[in-house]
Amino acid sequence: MSAHRLYFANQARWSGWELAFWLAWVVAFFIPQSNLALLSQILIWGLFAVSMDLLLGYRGLPSFGQAAFFGIGAYTAGYLSKFGWTEPISGLLVSGAVAGVVGLAAGRVVRGLHGVALLMVTLGLNSLLYDFVQRSTELTGGDDGLPGVGFAPVLGLFKFDMIGRTGYLYTLVACFVIFLLLRALVRSPYGLALLGARDNPRRMQMLGAPIDRDLTLVMGLSAAVAGMAGALLTQTTQFVAPEVLSFQRSADVLVILVIGGAGFLYGGFIGALAFIFLRDLFAALNPIYWYFWIGLLLVLTVTFFRRGLLPALADLWGHRRKPVAVDAKHPKSQEVAP
Amino acid sequence: MTAATVLQTVGLTKAFGGLCIFKGVDFSLQAGERHAIIGPNGAGKSTFVHLVSGLLKPTSGSIRLMGQDVSRATPQQRVRAGLGRTFQINTLFPSLSPLQSIALALCERDGLTAPSLRALARRVDLLDEAAALLARFGLAADGERPTGLLAYGKQRVLEMALALSLKPRVLLLDEPAAGLTTAQGHELFDLLTELAGETSVLFIEHDMALVFGYAQRVTVLGGGALLAQGTPDDIRADPVVRKAYLGH
């Protein structure tokens, strides 16, 4: 295979790390002491952070309102079940679709915005929705949560059990399938166009690129993934309350992504692992001041590993194997045959 | 020179508030022509390129590209009508490699960037074309490194390669040799002459050696208005130009 074809093929190829990553989740299921409920939480946070990664890591758009889409998905799944649609898989897909449509609409609204203006508008939209849901107690149950949420067994066979075995496997399979689709998406020409628009929208314009269309679509896709993460939370915990829409959640998902590393898809999961484990650990030490330590972790990560934990780990590994320079990652390319 | 006009502006005017910075310029570019725009700083050269490429909207006047009125068209519509341009300051994709950048340009040209699950790696014809194009611009050895790490001169070449990869009918070059040494500037223009093919080229340039060496026609702008137009020899001899611009 000629050098340039190999170069592009390598970018699409599965690495041993990726396989090991997903296998570890399967192994965790069989370890008797595993806290499956906690691991499900981590997967859901991870998937939510991946939705943020699509927006921030790939398209370069920051948002303080991602929880709005998570919450829309969570409540859609809740309402579907309340009104008798308890089949989880279709419920998951419908929740993603509803959040995705709202995301497309939001994409139209924020199209011309950048930087701080974008942060403020997404924050504003998120706050509007949160207040509405929290205050509409007759409609949503307010802080007590939506009453009457429950789900049918997955595929009609596996009931959601108390220790969360079904919930964990269901979440893992859903996350993996969604991840596979996103992985393919970011390696398609569309993924490259997102990176191009992140790096330089003006050049993209002069290549004739439909950057407005691409932006609206990525908002929709990102919202759909966030919505499915929210639906997974409702389905595995059989509970949904306004907290799913809170600004705190929007902020946390950014923290998770930045700690893990944006622009790799895996950074979201790595960040969620670090964040949730540490949150549990610190909350056990001191249930009131645990965010102090998360804050410290964020400061240290951004100070010392600007691009997040995952790239830092990858660099470290690369150095150990090939103790040359950073440029070892980009060996002198061979003469390219036309 | 053929008689076919590929780009024409009539009474093209741009005002910001009450300040008129570009005043009723009539201009035309012929098919296959190499046309230089010169003028002192603030003459409106870059404004002209922005107006033609659609990054600025004209206050009045019209722009015709390949016979089509594009005065109100978006930059993207003008690109599809056959326009390409480069920027005075490198406008590249720093984190993408040159191979990826050119592949992206070709994907946009072919309209392949709608969301899909098909890997770019499987479009081998397009990748072969990207690699071949890069090789013709002498960038084959740098194809896989992030563009942001390339030497400035190579980034300048990539800037032109990106614009030419779309095979535009009209190419606008905004100071392509800006920041290059004299030798590098000549190399860049040699490359342009070799690879532009049938593309009509309109370029802004300050280096008079490059202007008089490569242009078939020259337009002189001053204070947002057209001062003179003609062959390099006409321009060199024009007393108005000598006084206003060349300064001797």
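This briefing walks through the two chains of the structure, how they touch, and a few residues worth a look. The model is predicted, so everything below describes a computed structure. Chain A comes to 15 helices and zero strands, while chain B has an open sheet of six strands and is assigned two domains. Where the chains meet, 41 residues of chain B and 35 residues of chain A take part.

**Chain A overall**

- With its 15 helices and zero strands, chain A has a radius of gyration of 21 Å, close to the 20 Å from the globule rule for 338 residues, so it is as compact as a globular protein of that length.
- If you lay the C-alpha trace of chain A along its principal axes, the spans come out at about 70 × 50 × 45 Å.
- Buried residues make up 46% of the 338 in chain A.
- Among contacts in chain A with a separation of 6 or more, 77% are between residues 24 or more positions apart.

**Where chain B meets chain A**

- The contact draws 41 residues from chain B and 35 residues from chain A.
- On the chain B side, the elements that give two or more residues are helix H2 (75-80), helix H3 (98-109) and helix H4 (124-136).
- H3(B) supplies the largest share of that side, with seven residues.
- Sorted by class, the side of chain B that touches chain A holds 27 nonpolar, eight polar and six charged residues.

**Ala209(A), a residue with contacts in both chains**

- You will find Ala209(A) in the loop between helix H10 (201-205) and helix H11 (211-237) of chain A.
- Ala209(A) has 24 C-beta neighbours inside 10 Å; the cut-off for a buried residue is 20 or more, so Ala209(A) counts as buried.
- Leaving aside residues up to four places away in sequence, Ala209(A) touches Ala193(A), Gly196(A), Ala197(A) and Met204(A) in chain A, and Gln76(B), Glu108(B) and Thr113(B) in chain B.
- For a sense of scale, the C-alpha atoms of Ala209(A) and Leu285(A) are 52 Å apart, with their positions 76 residues apart along the chain.

**Positive phi in chain A**

- As background, most residues other than glycine have a negative phi.
- Leu155(A) is not a glycine, yet its phi is positive, about 55 degrees.
- Leu155(A) sits in the loop between helix H7 (137-140) and helix H8 (165-186) of chain A, and it counts as exposed because it has 10 C-beta neighbours inside 10 Å.
- Gln238(A), also a residue other than glycine, has a positive phi near 55 degrees.
- The loop between H11 and helix H12 (247-260) of chain A holds Gln238(A), which counts as partly exposed because it has 14 C-beta neighbours inside 10 Å.

**Domains of chain B**

- The domain assignment splits chain B into domain 1 (1-82 + 168-248) and domain 2 (95-167).
- Taken over C-alpha atoms, the centres of these two domains of chain B are 26 Å apart.
- Their contact takes twelve residues from domain 1 and eleven residues from domain 2.
- Helix H6 (residues 182-195) of chain B gives five residues to the domain 1 side, the largest share.
- That domain 1 side has ten nonpolar, two polar and no charged residues.

**Strands of chain B**

- The open sheet has six strands in the order E6-E7-E8-E3-E9-E10, with mixed pairing.
- Its edges are strand E6 (83-85) and strand E10 (225-230), each pairing on one side only.
- From one strand to the next, the twist averages 20 degrees.
- Within chain B, strand E3 (residues 34-38) and strand E8 (residues 200-204) pair in the parallel sense over four bridges, and Ala36(B) stands opposite Phe203(B) in E8(B).
- Strand E1 (residues 5-16) and strand E2 (residues 19-30) of chain B run antiparallel and are joined by eight bridges, with Leu12(B) opposite Val25(B) in E2(B).
- The hairpin of E1(B) and E2(B) has two residues between the strands, and Gly17(B) there takes a positive phi near 60 degrees.

**Helix H1 of chain B**

- Eight of the nine residues of helix H1 (residues 45-53) of chain B are buried, so H1(B) is largely enclosed by the rest of the structure.
- The buried residues of H1(B) include Lys45(B), His50(B), Phe48(B) and Leu51(B).
- Gly54(B) follows H1(B) and has a positive phi, near 95 degrees.

Definitions and conventions
Residues are numbered from 1 along each chain as its sequence is written. Chains are lettered from A and ligands numbered from 1 in the order in which they are written. This is a predicted model: local features need pLDDT of at least 70, side-chain atom pairs count only at pLDDT 80 or more; totals for chains, interfaces and linings use all residues. Two residues are in contact if their C-beta atoms, placed from the backbone, lie within 7 Å. Ala, Val, Leu, Ile, Met, Phe, Trp, Tyr, Cys and Pro count as nonpolar, Asp, Glu, Lys and Arg as charged, and the others, Gly among them, as polar. Two strands pair if DSSP finds at least two bridges between them. Domain bounds come from an automatic or database domain assignment. A residue is buried if 20 or more other C-beta atoms lie within 10 Å of its own, exposed if 12 or fewer, and partly exposed in between; C-beta atoms are placed from the backbone. Axes are lines fitted to C-alpha atoms, for helices over the stretch in contact, and angles run from 0 to 180 degrees between N-to-C directions. The radius of gyration is taken over C-alpha atoms; the globule rule is 2.2 Å times the number of residues to the power 0.38.
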